[in-house]
Amino acid sequence: MAGQYLDFEEPIIELEKKIAELKSLSKNNGVDFSGEIRRLHRKANRLKDSLLSRLTRWQRTQLARHPSRPYAMDYISMMTEDFMELHGDRHFGDCHSIVGGIARLEEWSVFIIGHQKGRDLKEKMYRNFGMPQPEGYRKALRLMKFAEKFGKPIITLLDTPGAYPGIGAEERGQAEAIARNLIEMANISVPIIVVVIGEGGSGGALALGVGNRVLMLEHSVYSVISPEGCAAILWEDCKKVEEAAEALCLTSDDLFKLGVIDEIIKEPLGGAHRNPAATAGILRRVLRRHLQELTSIPPKDLVEQRREKFRNMGAFKER
Amino acid sequence: MAWFIRSKTPKEKLKVKKINIPEGLWLKCDSCKEIIYKTELDRNFRVCPKCSFHHRMNAYERIILLTDDESFVEKDTGIYPEDPLRFRDVKRYKERLKTYTKKTGIKDAVVCGEGTLNGRNVQICAMEFGFMGGSMGSVVGEKITRAIERAVNKKNPFITVSCSGGARMQEGILSLMQMAKTSVALAQLSEAKVPYISVLADPVTGGVTASFAMLGDVIIAEPGALVGFAGPRVIEQTIKQKLPEGFQRAEFLLEHGMIDMVVHRKELKNIIDKLLTLLR
Ligand SMILES: [Zn+2]
């Protein structure tokens, strides 16, 4: 997983290489470099902290799409026990860009549904690069209603470039599938916790995003359109992605300030991909806290609260 | 009634101008390119008498089409957009807003209010494509939500006429959230058992299709209207092939089970009336 890195991560990688070299030197030659190693470790940590806090919004977008960043299935396997994946929308097919099922998370049985990207080329193709077909959204809705029937909380993990724009997707009602989830999620009488774990790509992400709580991992992004799409349309120049990312305000801090999300979940130093297990641990603790709060709320109030939350979104003036 | 011709080339513009200068009475059909008498087009609900092409109507023309004379009372006219992201691309969002307000005479891309349709009270929202491509930002989301809430409270049938390129990029994530906001409001309308008729006029794409526009109890499209999630250009670029003839058009959607009917503009009011009468 550590094999791939982005250009702005290079200084960290260099330091880590040096630390590894020193470690093997001390092991093979019996010389004690532990003082030096500790010093470099501290330096690496400071560097991770300062590098990631100074990233532009475009770099943050790249980090959110980092090829080594944990995906939904990684979190599911690290955070939960006895995950049983369930398949199919019962209408047309099983979309591999959305996974879902039942699992045990601490003392709760929960339904977990998430977008799933692929790691290597073969899996990327199998997962359609995390871009769901309408069947994916319909499967998600089926599982949410299933969860509701048995009074189980729902956790959704958002990580997609967007819903797939293809002929079949249009024929089978991509827009309707997304819209249906938005209205139905307003009715579900069990707790829904939404976590953006990577790339929250437009309507394709929002279709799993109507929750009682909406949380974002620190280095994830959530946007109405990708910087690439925005640059192509508004600047009419695909190279203006940096400007577009800046203008779109798509980072977790931006969304928190805009009142769209409830909480930013801090990632380990250097980002989730530097320490997936620690990230999963943090996420599990955060989810436990929200589950504790939400499972004590009566179903009617959960629905009311969720509706109220989205009712109030937006910024306009009135005279 | 405001109308204009969008010309492809300056040469064409000249030609049209020459024809129009003497009386301003003639224009050229966008589809069949035949010359039509303007009053004839207006009398025919802006549908070409030669080829039946449905020319775009502005939001007020839509409302006039569907409500009884002088019955319409516009609501929430005091809501206007702010610029929460201080968005700037090649132009400032604030500048764009000014330009479009001047051009259309309205403050954002939707006109909402109440009126009667063959004597029955309805809440109606019509989108204005001329205002930033009918895009949905916070104002559109709020006005539609308020109209839905009025429909719930007064038990008035709810009608939307959608004509939009989707969510407005210049308000970023807040525009995306309007999809959820309007859909969540429709959940209340549905609970109140108030009918919702969604009319789709060319074009409806992106975040508007993927929210309230596709959630009507009955969905009616105008002939030939382009309706989809992704725009045809995006799809072509993704799949790297040409799209089939008629793809994403109203008739295609009807065939694929996505809408209830394709209705000629002159029938629209009566069809909605019939539906609402039967549902009463
Ligand atoms: Zn014609």
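B:Pro203 sits in strand E8 of chain B, which covers residues 196-204, and in this predicted model a cis peptide bond with omega of about -10° joins this proline to B:Asp202. The points below turn from this bond to the fold of chain B, and then to two residues with unusual backbone angles, one in chain A and one in chain B.

**Overall fold of chain B**

- Chain B contains ten helices and ten strands, and its C-alpha atoms fill a box of roughly 55 × 45 × 40 Å along the principal axes.
- The radius of gyration of chain B is 19 Å, which agrees with the value near 19 Å that a compact globule of 280 residues would have.
- Of the 280 residues in chain B, 47% count as buried.
- Among the contacts in chain B with a separation of 6 or more, 65% are made by residues 24 or more positions apart.

**Positive phi outside glycine**

- A:Phe129, although not a glycine, has a positive phi of about 55°, and its place is the loop of chain A that runs between helix H5 (121-126) and helix H6 (134-149).
- Because 15 C-beta neighbours lie inside 10 Å, A:Phe129 counts as partly exposed.
- B:Asn118, likewise a residue other than glycine, has a positive phi near 50°, and it is found in the loop between strand E5 (110-117) and strand E6 (120-127) of chain B.
- B:Asn118 has 15 other C-beta atoms within 10 Å and is therefore partly exposed, a class that lies between the limits of 20 or more for buried and 12 or fewer for exposed.

Key: Residues are numbered from 1 along each chain as its sequence is written. Chains are lettered from A and ligands numbered from 1 in the order in which they are written. This is a predicted model: local features need pLDDT of at least 70, side-chain atom pairs count only at pLDDT 80 or more; totals for chains, interfaces and linings use all residues. Helices (H or I, at least four residues) and strands (E, at least two) are DSSP runs, numbered from the N terminus. The radius of gyration is taken over C-alpha atoms; the globule rule is 2.2 Å times the number of residues to the power 0.38. Two residues are in contact if their C-beta atoms, placed from the backbone, lie within 7 Å.
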